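Let's take a friendly walk through a protein model together. Have the sequence and the 3D view open as you read.

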Amino acid sequence: MSMKLPFFNNKKINKNEEPELDNIPKHVAIIMDGNGRWAKNRGLPRVAGHKEGMDVVKKVAKTAANCHVEILTLYAFSTENWSRPKSEVDYLLRLPKEFLHIYLPELIENNVKIKTIGNFDVLPEHTKEAVNYAKEKTKDNDGLILNFALNYGSRFEIIQAVKQIISDMNTSGLTMDKLDEHLFSEYLYTTGLTEPDLLIRTSGEQRLSNFLLWQIAYSEFWFTDVLWPDFTEETFMQALYDFQQRKRRYGGL
Ligand code: V07
């Protein structure tokens, strides 16, 4: 049985409603979970869920741009994903190229800038080639930053930063007294980006799964049972609306 809390806001967003643009999160990060389960529910192979999820990425990017979100970071492939069956890994790592083949012209038209975070170098050549091409083509755009976490793992990112810092201490005059939170953050993949204001995870799971551990220190979390392939413009707007309400409440204190 569900109980209504006195301060619970039941407002449901519909997509024809103009969003109020104050307190829009500048940076939204999303763990796009539930693609495999979506497929299983329909008696389809897991990869059918990944494919469906790819089209949702495009729709959410468009909504984010319309709502003046500045950065959208999407967890597309984690360092842990390598342990899935080879056929699924191969399929997943073909999706960036497929996505860009379909949507790059439209992203360019809409002034979107493509970026990635993660251990990019060890990805297959065909993946790197397609993504590098898109980065190059969009490098001067100043609209939405569409930032894909590809072969991303937060602990790896932190270790890699520590190694680079030690190397810089040994070779380029970096000293212990200069190392603070600000400098450390410049050694992370997210250097130059603001920290996420809002982290969304779909599919009912409420874990971080090695995503942006350092960067989410002050982020709001928003969870939904909706599976990623069923995630719509309205679900996204609901998350933005709920974020705005939280900010408004803190503002009143
Ligand atoms: C992937 C679709 C979304 C649901 C989650 C997993 C499957 C878009 C990309 C992508 C990545 C880089 C890029 C352009 C597009 C992607 C992977 C998986 C590995 F520059 N969707 N998507 N990459 N899925």
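## Two unusual loop residues

Let's begin with Asn210, a residue in the loop between β5 (198-201) and β6 (220-223). This is a predicted model, and in it the phi angle of Asn210 is near 65°, a positive value in a residue that is not glycine. Is Asn210 buried or exposed? Its relative accessibility is 15%, and buried means under 20%, so Asn210 counts as buried.

Now find His68, in the loop between α2 and β2. His68 is not a glycine, yet its phi is positive too, at about 65°. The surroundings of His68 are another matter: its relative accessibility is 53%, and the exposed class begins over 50%, so His68 counts as exposed.

## The largest pocket

Next, look for the largest pocket, which has a volume of about 800 Å³. It is lined by 36 residues, and those closest to its centre are Met32, Asn35, Tyr75, Ala76 and Phe77. Which elements give two or more residues to this lining? They are the helices α1 (35-41), α2 and α4, together with the strands β2, β3 (113-117) and β4.

The top contributor to the lining is α2, with 6 residues. Sorted by class, the lining of the largest pocket has 17 nonpolar, 11 polar and 8 charged residues.

## The ligand and its shell

Where does the ligand sit? You will find it in the largest pocket. There are 18 residues around the ligand, and the ones that come nearest are His50, Met54, Leu92, Phe99 and Phe148. On its own the ligand has 500 Å² of accessible area, and the protein covers 98% of that.

Try tracing the shell around the ligand by its elements. At least two residues each are supplied by α2 (46-66), β2 (71-78), α4 (95-109) and β4 (145-152). You can place some of the nearest residues by their numbers: His50 and Met54 fall within the range 46-66 of α2.

What classes of residue make up this shell? Around the ligand there are 15 nonpolar and 3 polar residues, and no charged ones. Set that beside the lining of the largest pocket, where 8 charged residues are counted.

Note on methods:
Residues numbered from 1 in each chain as written. Predicted model: local features only at pLDDT ≥ 70, side-chain atom pairs only at ≥ 80, totals over all residues. Heavy atoms only, no water. Near = heavy atom within 4 Å. Areas by Shrake-Rupley, 256 points an atom, 1.4 Å probe, with all protein chains shown as cover. 1 Å grid on protein atoms, 1.4 Å probe; cavity = no way out; pocket = protein on both sides within 12 Å on 5 of 7 lines; lining within 4 Å. Sits in = over half its atoms within 2 Å of the grid points. Helix = DSSP H or I, 4+ residues; strand = E, 2+ residues; numbered from the N terminus. Nonpolar A, V, L, I, M, F, W, Y, C, P; charged D, E, K, R; others polar. Buried < 20%, exposed > 50% of the residue type's maximum accessible area, 1.4 Å probe, protein only. Points joined across faces, edges and corners; volume = space filled by probe spheres on them.
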